[in-house]
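Pull up the model and keep the sequence handy. We'll walk through it one region after another.

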Amino acid sequence: MKNKFCGSQELEAREEEFLSSVASLSKNSKGRQYQEQSCDIRTIFQHDRDRIIHSKAFRRLKHKTQVFIAPAGDHYRTRLTHTLEVSQISRTIARALKLNEDLTEAIALGHDLGHTPFGHAGEEVLNDLAARGFKHNEQSLRVVDFLEGSSSERPGLNLSFEVRDGIRNHTGKKKPQTLEGQIVKLADRVAYINHDIDDSLRAGILTQEDLPQSCLEHLGYTSSQRIDTMVRDIINFSSGKKEIAMSSKTSQVTNRLRDFLFANVYLDSLAKKEEEKAQRLIAKLFSYYIENPAEMPLEFKERAVSEDREQAVIDYIAGMTDRYAISQGQKLLLPTPWFYHDI
Ligand code: MG
């Protein structure tokens, strides 16, 4: 008798039937580090996606900086909305190329889980402070491998090899092993270049006239046109290939636009003026918790004693949202005024 519902085996069979020969099929996954019963409704990659969405680190992304520190305006991107845009762009590309959309979605949703408060300013200062250095992509892997999860039998979320590989290699020199991971690596760039332009225009840091006209001529004059051009270019150029890339022309123009953003927004603009303070705050919190590990929440405090104190402090600080780091700074580093009462 046929199953009443569409179970994971049927989904796997569908993947085999509809996806490209170079797609990463769920049934061929290299699997999880710790053996466990597989889900009878979801494929392994769908299951991973859900584990990421239900994690606390995922919810904290809503209060982590993308470019503008703890933005008061409701329309600025945060790490969470950035993540959702990367996920959507990745899925569009994966579906058009008949690759595994569920795998790209899981990688995209998890790629920035290890991001520090205050965006790259936070990452930079933790990298200087930590003896072993700090990279947000490696921290994202620590989040899913060790810091999240509630199982008493194994640490972390126990995600599949392919999702872990995509998260770790979404940035840096090494290429993800799957085409789905390579999609996320490019989609991350497509997303941030376009939404950071949009947010900078909204903030008055850039005007439409400031944008390099030769880039706009090729890519389009609005965010929507530019995303469309880049996405179509990736789909057309990568179709039938064993690699995900942009054509050299579009890639060149996109890099020029990215260089423009580095010079005018990321490295030198009004939005950066609070960054020095943010870095000072993180450095203060770091030295405070190294000296006073008992002030951290239980899980970090225990690890600071039994394992590696510096790693426990890094894990705690990297996990903070912008507003939590600010409130800890106020609590720990500023004197509280004495309100006395008549007895
Ligand atoms: Mg990202």
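Which backbone nitrogen does a side-chain oxygen of Asn 100 reach at the start of H5? That nitrogen belongs to Asp 102, and the oxygen comes to within 3.1 Å of it. Bear in mind as you look that this is a predicted model.

Stay with helix H5, residues 101-110, for a moment. Here 10 of the 10 residues are buried, so the helix is largely enclosed by the rest of the structure. Charged residues are on that buried list too, including Glu 101, Asp 102 and Glu 105, alongside others such as Leu 103, Ile 107 and Leu 109.

Now for the metal. The magnesium ion is held by NE2 of His 82, NE2 of His 111, and OD oxygens from Asp 112 and Asp 188, at 2.2 to 2.5 Å. If you like to scan sequences by eye, the donors follow the spacing H-x28-H-D-x75-D along the chain. His 82 sits in helix H4 (residues 79-96) and Asp 188 in helix H9, so this pair ties together parts that are 106 residues apart in sequence. How accessible are those two? His 82 is buried, with a relative accessible area of 1%, and Asp 188 also counts as buried, at 10%. The cut-off behind that word is under 20% relative accessible area.

Next, the greasy interior. In soluble globular proteins, nonpolar side chains tend to be buried together. The largest nonpolar core here has 58 residues, and the members touching the most others are Ile 93, Leu 99, Leu 113, Val 163 and Ile 244. Helix H9, running from 179 to 203, gives the most to this core, with 10 residues. Click on Leu 113 and look beyond its neighbours within four places in sequence: its contacts include Ile 52, Ala 57, Phe 58, Leu 61, Val 143 and Val 144. Ser 55, Lys 64 and Ser 140 are among its contacts as well. There is also a second, separate core of 23 residues, with Phe 286, Met 296, Val 313 and Ala 318 among them.

Which aromatic residues cluster together? Tyr 288, Tyr 289, Phe 300, Tyr 316 and Tyr 324 form one aromatic cluster. A search of the whole structure turns up four aromatic pairs. One of them is Tyr 288 with Tyr 289, an edge-to-face pair with 5.6 Å centre to centre and 85 degrees between the planes. Tyr 289 is buried, at a relative accessible area of 0%. Tyr 289 also pairs with Tyr 316: their ring centres are 5.1 Å apart and their planes stand at 75 degrees, so this pair is edge-to-face. Tyr 289 belongs to helix H13 (residues 275-291) and Tyr 316 to helix H15 (residues 309-319), so the pair ties together parts that are 27 residues apart in sequence. Tyr 316 counts as buried too, at 5% relative accessibility.

Last stop: Ser 247, in the loop between helix H11 (223-238) and helix H12 (248-266). Ser 247 is buried, with a relative accessible area of 15%. What does its side chain hold on to? There is a polar contact of 2.7 Å to the side chain of Asp 233, and another of 3.2 Å to the side chain of Thr 250. Setting aside residues up to four places away in sequence, Ser 247 touches Asp 233 and Phe 237. Phe 237 has a partner of its own: Lys 241 lies over the face of its ring, at 3.9 Å from the ring centre.

Note on methods. Residues numbered from 1 in each chain as written. Predicted model: local features only at pLDDT ≥ 70, side-chain atom pairs only at ≥ 80, totals over all residues. Heavy atoms only, no water. Core = buried A, V, L, I, M, F, W, Y, C linked by side-chain atoms within 4.5 Å. Buried < 20%, exposed > 50% of the residue type's maximum accessible area, 1.4 Å probe, protein only. Helix = DSSP H or I, 4+ residues; strand = E, 2+ residues; numbered from the N terminus. Contact = heavy atoms within 4.5 Å. Donors = N, O, S within 2.8 Å, 3.2 Å for Na, K, Ca; no water. Phe/Tyr/Trp six-rings, centres within 6.5 Å; stacked < 30°, edge-to-face > 60°. Lys NZ or Arg CZ within 6 Å of the ring centre and 35° of its normal. Polar contact = N/O pair within 3.5 Å; in protein donor to acceptor, adjacent residues only side chain to side chain.
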